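Trainee: Before I set anything up with this model, I would like to go through it with you question by question. Could we begin once it is on the screen?

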Amino acid sequence: MNFESILLPGIDPKRPLVISGPCSAETEEQVMATATQIAANGIKIFRAGVWKPRTKPGGFEGVGSEALKWLQRVKRETGMYTAVEVATEKHVYEALKFGVDILWIGARTTANPFAVQEIADTLRGVDIPVLIKNPVNPDVELWVGALERLYNAGITRLGAIHRGFSSADKNVYRNIPQWHIPIELRRRFRDLPLICDPSHIGGKRNLILKISQQAMDLNFDGLIIESHIAPDEAWSDSAQQVTPLALKEILASLIIRDTVQTTEDLSVLRGQIDEIDNSLLELLSKRMRVSREIGQYKLEHGMPVLQTVRYDEILKDRAEQGEKMDMSGEFVKKVLENIHEESVRQQLVIMEKAGK
Ligand code: PEP
Ligand code: MN
């Protein structure tokens, strides 16, 4: 895929590209007051949910098309661009009719290929930036699939929004970041703009600065942050919204590290990493060779491939060892699980061949 820029005329290409505004458009007064204050602080793109996908019925489901008139007023009176979430064909028609500048697809919608295809088909022939939030589940392919559906419909001004992933476990985050997933997206599509949504990742306003800084350090292009004139009274997501003033302070505190130049020192260190990676690969291949010998032994002695007790011991023992060596036990466990998976696969190949 070859993406075109999502930067609209007059938007500074400097990081971060900032989109802000309330979770939901509630009243004309709330929308106008929030918009006026954030515009005065230099924000150029105003977000507001008009149709809200709620987990259960009965919650505030958005004002609907009526609110699109307020967004038109925001454009007219503040000069900001506007962005809304669309989930159906009707939403797309309505948003375009009222001159919305940027569309985004919410996490619940991205998880549903039928809905994404419907939006893509409706947008065929329209030139508008579309931002796609990650699906609620940590599946990079589903995220890529949604991007492809839009791209195949001729939408080339695409961006991705990382809003974290749902989890049943209680966690400091509302949606766990799992940064490796947007990083994988970046690895595959170098020129796809990546925007972080610290509001939905954190779920609490005091986490927004930290998550935004992490996103900047991971070279994200932009931030979408929920702001509200009176956050505590917000009709949706009140705990995670910030006042226009707090937004200004968050943005002013961010440290943007933009140096791309490789220093001498860094190239020496990178050389060391290359060497260590080589040694790691050689060690791994040695380990696999021993593993295959064990497989051969098991075959000759009629033993099964999987020996659960031994595997449990290895995991526990190595995780403890790893922690003593300044690594997270969880990380060491994951690495070993992957190595074990490959060992088992190789031993199964030996059994299979013998069976033929
Ligand atoms: C939102 O942006 O208000 C929203 C509903 O987010 P998400 O789709 O990430 O849950
Ligand atoms: Mn929200």
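Mentor: Let us first agree on a term, since a polar contact here is a pair of N or O atoms within 3.5 Å. Keep in mind as well that this is a predicted model.

Trainee: With that cut-off in hand, how far is an oxygen atom of ligand 1 from an N or O atom in the side chain of Arg108?

Mentor: Arg108 is one of the residues that surround ligand 1, a group that also includes Cys23, Trp104, Gly106 and Ala107. A polar contact needs N or O atoms within 3.5 Å, and the pair formed by the side chain of Arg108 and an oxygen atom of ligand 1 is separated by 2.9 Å.

Trainee: How much of the accessible area that ligand 1 has on its own does the protein cover?

Mentor: Two lysines have polar side-chain atoms by the ligand: Lys52 has one at 2.8 Å from an oxygen atom of ligand 1, and Lys133 has one at 2.8 Å from an oxygen atom of ligand 1. On its own, ligand 1 has 300 Å² of accessible area, and the share of this that the protein covers is 99%.

Trainee: Which side chain makes a polar contact with the side chain of Asp197?

Mentor: Asp197 sits in the loop that runs between β7 (194-196) and α8 (198-202). Leaving aside neighbours within four places in sequence, its contacts are Lys133, Ile161, His162, Arg163 and Ile224. The polar contact between side chains, at 2.8 Å, joins Asp197 to Lys133.

Trainee: Is Asp197 buried or exposed?

Mentor: The label depends on relative accessible area, with buried meaning under 20% and exposed over 50%. Because the relative accessibility of Asp197 is 1%, this residue counts as buried.

Trainee: Turning to Arg47, which backbone oxygen does its side chain reach?

Mentor: Arg47 belongs to strand β2 (residues 45-47), and its relative accessible area of 1% makes it buried. Not counting residues up to four places away in sequence, Arg47 touches several residues, among them Ile19, Cys23, Lys52, Trp104 and His200. Its side chain makes a polar contact at 3.4 Å with the side chain of Glu226, while the backbone oxygen that it reaches, at 3.2 Å, is that of Pro22.

Trainee: I should also check the backbone geometry, so which peptide bond is cis, with omega near -15°?

Mentor: Most peptide bonds are trans. The residue to look for, Pro16, is placed in the segment before β1 (17-21). With omega near -15°, the cis bond runs from Arg15 to Pro16.

Trainee: What is the phi of Asp326 near?

Mentor: Most residues other than glycine have a negative phi. Asp237, in the loop between β8 (222-226) and α10 (244-253), has a positive phi of about 50° and is buried, with a relative accessible area of 15%. Asp326, in the loop between α12 (308-324) and α13 (329-355), is exposed at 73% relative accessible area, and its phi, also positive, is near 70°.

Trainee: Finally, taking the protein as a whole, what percentage of its residues count as buried?

Mentor: The protein has 13 helices and eight strands, and its C-alpha atoms fill a box of roughly 80 × 50 × 40 Å along the principal axes. Among contacts with a separation of 6 or more, residues 24 or more positions apart account for 73%. Of the 356 residues, the portion that counts as buried is 44%.

Key. Residues numbered from 1 in each chain as written. Chains lettered and ligands numbered in written order. Heavy atoms only, no water. Helix = DSSP H or I, 4+ residues; strand = E, 2+ residues; numbered from the N terminus. Buried < 20%, exposed > 50% of the residue type's maximum accessible area, 1.4 Å probe, protein only. Contact = heavy atoms within 4.5 Å. Near = heavy atom within 4 Å. Polar contact = N/O pair within 3.5 Å; in protein donor to acceptor, adjacent residues only side chain to side chain. Areas by Shrake-Rupley, 256 points an atom, 1.4 Å probe, with all protein chains shown as cover.
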